[in-house]
Amino acid sequence: MTSGEDEEYPAELSSGGNFVAGPLPDDPAEADPVDLEEIERQARRELMRVEAELNQRWPETKIEPSLDRIAALMTVLGDPQKTYPVLHVAGTNGKGSVTRMIDALLSRLGLRVGRYTSPHLQLVTERIAVDGAPIPASKYVDIYRDIEPYIGMVDTAGGPRMSKFEVLTGMAFAAFADAPVDAAVIETGMGGTWDATNVADGQVAVVTPVGLDHTEYLGSELGQIAGEKAGIIKPGSVAILAEQEPEAQRVLLERAVEVDATVARAGSEFGVLRREIAVGGQMLTLQGLGGVYDEIFLPLHGAHQANNALLALAAVEAFFGAGKDRRLDIDAVREAFAAVELPGRLERVRAAPTVLLDAAHNPHGARALAAAIEEEFAFRKLTAVIGVLADKDVRGVLEALEPVVSDVVVTKNSSPRAMPLDELNELALAVFGEDRVVAESSLDAAVETAVTLVEESDDPDEPLAGGGVLITGSVVTVGDARTLFGREPA
């Protein structure tokens, strides 16, 4: 399996075109300051040219259970993924958040860190980060052009050409070796065993909660899906496991025994001791592998983010060999978590009315989102703007959100795989009823309608303040919304 998470690219990087760009300077910092904007424009044009080329390959939704092509590329590149230690993260929900938190912790503890995630929200360079920031467009282009001849060698060796996700994964491993980094934290695309990222052998393997998603690719049974995720647990590694359904837990533990991996389980060897809602987030007391970490401020909402922070902490402890009475530097841990930013995860992009973005795109994620909304926000009225991909459990998402939103504006995002508006509207009508559903053909119109809905009132005595808009349903929808609200890729 070579695919990444099956969310599509935003429209601006999903099509080709005729581009003209000259050579870029070796070091943009050495250029005349007045030319920096033009250099950035040239870099973006070259980036779009590369994306147009990559979009001719198998998309991230087309998979084959094989690591042969990515392994062949790694071999001709000199196995860059073996030149630094790897922390590998898989799971159904939360793995992107955990990956970013691990990055923040390792960085604050003094390491230079590479981070590979998927999918991206706005710009593909978000996927490959060094020192906590996406690599520049010019660097992305340079890496691709450097390894392009080797990609061609693999393409012509027989069998299918490399998929887009395989190429992106190869680029990330090469970029981290070139940096160089002290450690890389790698998020799987979709599964585990046959995911292209699994050519790396993580010394720490993290498995976030496993649920039913991508059933057409990973299987319809929880045990099957857990078996695919378990493939990242390698011989002699440390497996950090989130609390799981019994069926998934059994499969993960069996894999750990099979490869003689050390296991640490949330709720057993480590856990959330205390969680209090605070202004702008939550205050946590965490039982780690090496001791208790108190007064941890996490500027994120929801119990699920507290659990993600716990997994990240345990993973970093395992990476450094922390054990009983061997705690990480508490001040560094506090500073790292306090500075964590997760774009598209209950991200506030506007006030009065409050507009929140969340990339929940399956029922498990939508239930966590709904719980966070209900527990931590006191909206007088909350209107959801929802755009989804057609191959998701859309009804499950809508049913999870129905108890916490007043009404819903359905729309269509920029993905070619977006659910047609009439189909989404019919599903929403079945879940919410005719009086609570509005359909708008574009996201900007949907947001405008949602704002109008939360600001209007039939009761002259009812206050207008306290309304909110929640934009959700897909990574693509949230990426489109971040662009709409002028947020930079992160």
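This is a short guided tour of a predicted model, with a suggestion at each stop for what to select.

**Start with the whole chain**

Show the chain as a cartoon and colour it by secondary structure. You should find 15 helices and 17 strands. The chain has 490 residues, and 56% of them count as buried. If you switch on a surface, you are looking at about 19,200 Å² of exposed area, with carbon and sulfur atoms supplying 49% of it. Contacts that span the sequence are well represented: among those between residues at least 6 apart, 75% join residues at least 24 apart.

**Go inside: the nonpolar cores**

Next, select L87, M101, I102, V206, I240 and F337 and show their side chains. These six belong to the largest nonpolar core, a group of 42 residues, and they touch the most other members. Now add helix α9, residues 303-320, which gives this core eleven residues, the most of any contributor. As general background, nonpolar side chains tend to be buried together in soluble globular proteins.

Stay with M101 for a moment. What is M101 in contact with, leaving aside its neighbours within four places in sequence? The list is L298, L300, Q305, N308, A309, A312, F337, V340 and L342. Selecting those residues together with M101 gives you a view of its surroundings.

There is also a second, separate core, made of 40 residues. To find it, select L123, V124, I151 and A196, which are among its members.

**Helix α14 and its surroundings**

Move on to residues 443-455, which are helix α14. The helix has 13 residues and reaches 18 Å from its first C-alpha to its last, close to the 18 Å expected at 1.5 Å a residue. Which residues of α14 are buried? They are L443, A446, V447, T449, A450, V451, L453 and V454. To see what those residues pack against, show the strands β12 (347-350), β14 (381-386), β15 (407-410), β16 (437-439) and β17 (467-472), along with helix α15 (475-484).

**Salt bridges around helix α1**

The model has 29 salt bridges by the count used here. In general, side chains of opposite charge can pair when their charged atoms come close. Helix α1, residues 36-54, is a good place to look for examples.

- Select R41 and E38, whose side chains meet in a salt bridge with an N to O distance of 2.8 Å. The two are three residues apart in α1, so about one helical turn separates them. R41 is partly exposed at 43% relative accessible area, and E38 is partly exposed too, at 28%.
- Select K164 and E51, which form a salt bridge at 3.3 Å, N to O. K164 lies in helix α5 (residues 164-178) and E51 in α1, so this pair ties together parts that are 113 residues apart in sequence. Are these partners buried or exposed? K164 is buried at 2% relative accessibility, and E51 is buried at 1%.
- Select R145 and E53, where the closest N and O atoms of the salt bridge are 3.1 Å apart. Here R145 is in helix α4 and E53 in α1, so the pair links parts 92 residues apart in sequence. R145 is partly exposed at 27%, as is E53 at 28%.

Before leaving α1, add R45 to your selection of E38 and R41: salt bridges with shared partners join these three into one network.

**A patch on the surface**

Bring the surface back and select V76, Y150 and M153. Together they form a nonpolar patch with about 250 Å² of accessible area. Y150 sits in helix α4, residues 137-155, and is partly exposed at 32% relative accessible area.

**Backbone details**

Finish by zooming in on the backbone. Where are the cis peptide bonds at P119 and P353? One joins S118 and P119, with omega about -10°, and P119 is in the loop between β2 (113-116) and β3 (128-130). Another joins A352 and P353, with omega about -5°, and P353 is in the loop between β12 and β13 (354-357).

Two stops remain, both with a positive phi. D260 has a phi of about 60° although it is not a glycine; look for D260 in the loop between α8 (246-258) and β8 (262-265), where it is exposed at 62%. E295, also not a glycine, has a phi near 55°. E295 is in strand β11, residues 292-298, and counts as exposed at 54% relative accessibility.

Terms used:
Residues are numbered from 1 along each chain as its sequence is written. This is a predicted model: local features need pLDDT of at least 70, side-chain atom pairs count only at pLDDT 80 or more; totals for chains, interfaces and linings use all residues. Side-chain values use heavy atoms; hydrogens and water are left out. Patches are made of residues with over 30% relative accessible area and no salt bridge: like charges are joined within 9 Å, nonpolar side chains (Val, Leu, Ile, Met, Phe, Trp, Tyr) within 5 Å. Accessible areas come from the Shrake-Rupley method with a 1.4 Å probe; for residues, only the protein chains shown count as cover. A salt bridge is a side-chain nitrogen of Lys or Arg within 4 Å of a carboxyl oxygen of Asp or Glu. Helices (H or I, at least four residues) and strands (E, at least two) are DSSP runs, numbered from the N terminus. Buried means under 20% relative accessible area, exposed over 50%, partly exposed in between (1.4 Å probe, protein chains only). A nonpolar core is a set of buried Ala, Val, Leu, Ile, Met, Phe, Trp, Tyr and Cys residues joined through side-chain atoms within 4.5 Å. Contact means heavy atoms within 4.5 Å. The expected span of a helix is 1.5 Å times one less than its number of residues.
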